[in-house]
Number of protein chains: 4
Amino acid sequence: MINEMPELPLLQERAGVRPITIISGTNREGSYSRVVSEIYGEIFERKSQPFQIIDLKDLPADFIFSASFENSGEHPEFNEIQKKINASSKFVFVVPEYNGSFPGVLKAFLDGLEYPGSFKGKTAALVGLASGHMGGALALSHLTDVLHYMGVMVLPIKPRLPRISKILVNKKFADGIYTDLLEEQVEMLIGQS
Amino acid sequence: MINEMPELPLLQERAGVRPITIISGTNREGSYSRVVSEIYGEIFERKSQPFQIIDLKDLPADFIFSASFENSGEHPEFNEIQKKINASSKFVFVVPEYNGSFPGVLKAFLDGLEYPGSFKGKTAALVGLASGHMGGALALSHLTDVLHYMGVMVLPIKPRLPRISKILVNKKFADGIYTDLLEEQVEMLIGQS
Amino acid sequence: MINEMPELPLLQERAGVRPITIISGTNREGSYSRVVSEIYGEIFERKSQPFQIIDLKDLPADFIFSASFENSGEHPEFNEIQKKINASSKFVFVVPEYNGSFPGVLKAFLDGLEYPGSFKGKTAALVGLASGHMGGALALSHLTDVLHYMGVMVLPIKPRLPRISKILVNKKFADGIYTDLLEEQVEMLIGQS
Amino acid sequence: MINEMPELPLLQERAGVRPITIISGTNREGSYSRVVSEIYGEIFERKSQPFQIIDLKDLPADFIFSASFENSGEHPEFNEIQKKINASSKFVFVVPEYNGSFPGVLKAFLDGLEYPGSFKGKTAALVGLASGHMGGALALSHLTDVLHYMGVMVLPIKPRLPRISKILVNKKFADGIYTDLLEEQVEMLIGQS
């Protein structure tokens, strides 16, 4: 669930700040969302900002049934993820567009978390991934509605990365303009009190 | 998955029409969505309209992982549900509001179905369930965006049932006004060519 | 308000059908929306489908104040436009994106029309215009919510025309792919009962 | 446009803070939005927070034509309102629901303001007014999309006031619960850096 960061405790101690959680918003194996999540991680590293990645592919396969409703809080593996959410007050959501909205697995994940303690009063940065030129706007709009419902402040800068399969080369952006976009958003997220 | 309807084949034969599929939009056990789905079913029966109910609580527990992406089409139980979707050209979506949108499990279900064959050129009626006075509008708006993306005609009449735990008594509406609302919508759905 | 169509009455008589109203959704002079509205008009002409264009630039300059609320129905010029709306049961909305939604003047126009008689039970086709690569989705989603509220059936095919200043050359699409897109939508609109 | 506040300059000097602008989001005469705007004003007064009200009924009647596009910046009366917007970094939007969204006049007003200088980097609190039990959610969702596009941070607490004609008695809330709701939101708005 969490990427390897041996220096994380040290960073946290040094900076006295809580880790920012990056949520890779699909359970697809080898997703572009994961690649972009790691690019965010590198930006945080350059800024000495502790972070952790939650990749939805690491969710228990049956979490929609085993960690919801009457089973809430009963699933040890899901509870570990809940703890990571609780440990952060700032989030990055990396969001591909599936069928004109964000992935169902991401909404199911949010539905399974404690409410309203998980997110109320926290802050989120959203980034959209689209396979074509035009996608992503509806996914980010819907997710904003959900996060607002949960009491999350959502940064108005919500970059969208078009033609994601083209603009990533060897897991890096081919064009620096995208890194700049994400850096600007990250500055705003870190600066948010 | 499908409710018992021994007379269904007969009705289909008689009417020469395909069954309308009612989707109970949550995997919660004993949900109000299921109760409302059955009320729709009774309306269809009174109109001699064949129907079937897909209750998301009957989905394979791990379908988000086992019936998506590289596993698409590999899960026999999910394939049976896919066939039921393929057999219908009209749908009723019974939709509770979870966290300011429709349930994640419903979106994950839609994400797992074949695209665009499952829904393109078909018609859907949506009904919203809210626990309080005010909910439901965002859930139905988001679902409309998704269904439009999938090529579905969505009826503009989208009733919302407020305070669902109060207006249902012994699995029936206490006030006939709600039955009238659903009947009006059903008339429009059946009449749609 | 209405483009010159001396042959319109004849067409209507011959076809026995009501004109489709194309709404050019901004009051900007010389707008791309007007150009695209005329392209729709040419498509309708080729199909012998009567049509009329309402261009929002022709609205009375003070209609937001003079044709709303206590002044509703008092403005002769606005009443003429109301009559044109009443005469149609099918509409094309040509919609640029302004500030992440559709133009305020278009919403103000809809707010000023009779409710629910103006649109209830009618059908609309939407097309989005964007100056850049990515726009238009939110404008069309918001307008869909409004039209559904007003009881309008909205076609799920909602083409978006990106980089509109580039793809139009001499008031025609430089690439036939866009004409094909609109033709497909028009077929669906005309076929809708 | 601005309510009478002889003590405003004094308050501003004393507090060293910029006035918060309350936007009464309709041009209807005698609107509930204006009443609720004044209730916000009283809350700000109790907190010694300078404020000003922009009531859209005071806009130039023809502003959609005379203060937009090629006429931008040419209308002295509209320019005065632009200055008031520029003077604030925090806003309250009081928003009735018209036809399943926020009023067209409000969007037209936003479309007429300078972009992006008017709102970028600023903060907004939204409140929804509904005539019935259920309205308001879509209006606030659409307005959030627009404000995010303009670079505004939108508070996630977005109270909705149902049955507005009933809950206001002599221009005050009959039930203190609504005042508490608005006070909680105002605290968050004032506290926002």
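In this predicted model, Pro116(B) sits in the loop that links α5 (104–112) to β4 (123–129) of chain B. The peptide bond between Tyr115(B) and Pro116(B) is cis, with omega about 0°. Chain A offers the matching case: Tyr115(A) and Pro116(A) are likewise joined by a cis peptide bond with omega about 0°, and Pro116(A) is found in the loop between α5 (104–112) and β4 (123–129) of chain A.

Two further backbone features deserve a look. Most residues other than glycine have a negative phi, and most peptide bonds are trans. Asn99(A), which is not a glycine, has a positive phi of about 55°; this residue lies in the loop between β3 (90–96) and α5 of chain A. Because Asn99(A) has 21 C-beta neighbours inside 10 Å, Asn99(A) counts as buried. Ser48(D) also has a positive phi of about 55° without being a glycine, and its place is in the loop between α2 (32–46) and β2 (51–55) of chain D. Here the surroundings are sparser: Ser48(D) has 11 C-beta neighbours inside 10 Å, so Ser48(D) counts as exposed.

Turning to the overall form of one chain, chain A contains 8 helices and 8 strands. For 193 residues, a compact globule would have a radius of gyration near 16 Å, and chain A agrees, with 16 Å. The C-alpha trace of chain A spans about 45 × 45 × 30 Å along its principal axes. Of the 193 residues in chain A, 53% are buried. Among contacts in chain A between residues at least 6 apart in sequence, 79% join residues at least 24 apart.

The strands can be followed in chain C, starting from β1. All 5 of the 5 residues of strand β1 (residues 20–24) of chain C are buried, so β1(C) is largely enclosed by the rest of the structure. In a regular strand the side chains alternate between the two faces of the sheet. On β1(C), Ile20(C), Ile22(C) and Ser24(C) are buried on one side, and Thr21(C) and Ile23(C) are buried on the other, leaving both faces covered. Strand β2 (residues 51–55) of chain C runs parallel to β1(C) and is joined to it by 5 bridges, with Ile20(C) opposite Phe51(C). Between these strands the chain passes through helix α2 (residues 32–46) of chain C, making a right-handed β-α-β crossover. β1(C) also pairs in the parallel sense with strand β3 (residues 90–96) of chain C, over 4 bridges; in this pairing Phe93(C) is the bridge partner of Ile23(C).

The largest nonpolar core has 236 residues, and those with the most contacts inside it are Val95(A), Val95(B), Val95(C) and Val95(D). Beyond its neighbours within four places in sequence, Val95(C) is in contact with residues including Phe102(C), Leu106(C), Leu126(C), Leu129(C), Ala139(C) and Leu143(C).

Finally, chain D touches both chain C and chain A. With chain C, 28 residues of chain D are in contact with 28 residues of chain C. α3 (63–66), α5 (104–112) and α6 of chain D each give two or more residues to this side of chain D, and α5(D) gives the most, with 7 residues. The residues on this side of chain D comprise 14 nonpolar, 8 polar and 6 charged. The contact with chain A takes 10 residues from chain D and 10 residues from chain A. Helix α6 (residues 137–149) of chain D gives the most to this side of chain D, with 4 residues, and the residues of this side comprise 3 nonpolar, 5 polar and 2 charged.

Methods. Residues are numbered from 1 along each chain as its sequence is written. Chains are lettered from A and ligands numbered from 1 in the order in which they are written. This is a predicted model: local features need pLDDT of at least 70, side-chain atom pairs count only at pLDDT 80 or more; totals for chains, interfaces and linings use all residues. Two residues are in contact if their C-beta atoms, placed from the backbone, lie within 7 Å. Ala, Val, Leu, Ile, Met, Phe, Trp, Tyr, Cys and Pro count as nonpolar, Asp, Glu, Lys and Arg as charged, and the others, Gly among them, as polar. A residue is buried if 20 or more other C-beta atoms lie within 10 Å of its own, exposed if 12 or fewer, and partly exposed in between; C-beta atoms are placed from the backbone. Two strands pair if DSSP finds at least two bridges between them. A crossover is right-handed if, with the strands pointing away from the viewer, the path from the first strand over the helix to the second runs clockwise. The radius of gyration is taken over C-alpha atoms; the globule rule is 2.2 Å times the number of residues to the power 0.38. A nonpolar core is a set of buried Ala, Val, Leu, Ile, Met, Phe, Trp, Tyr and Cys residues joined through C-beta atoms within 7 Å.
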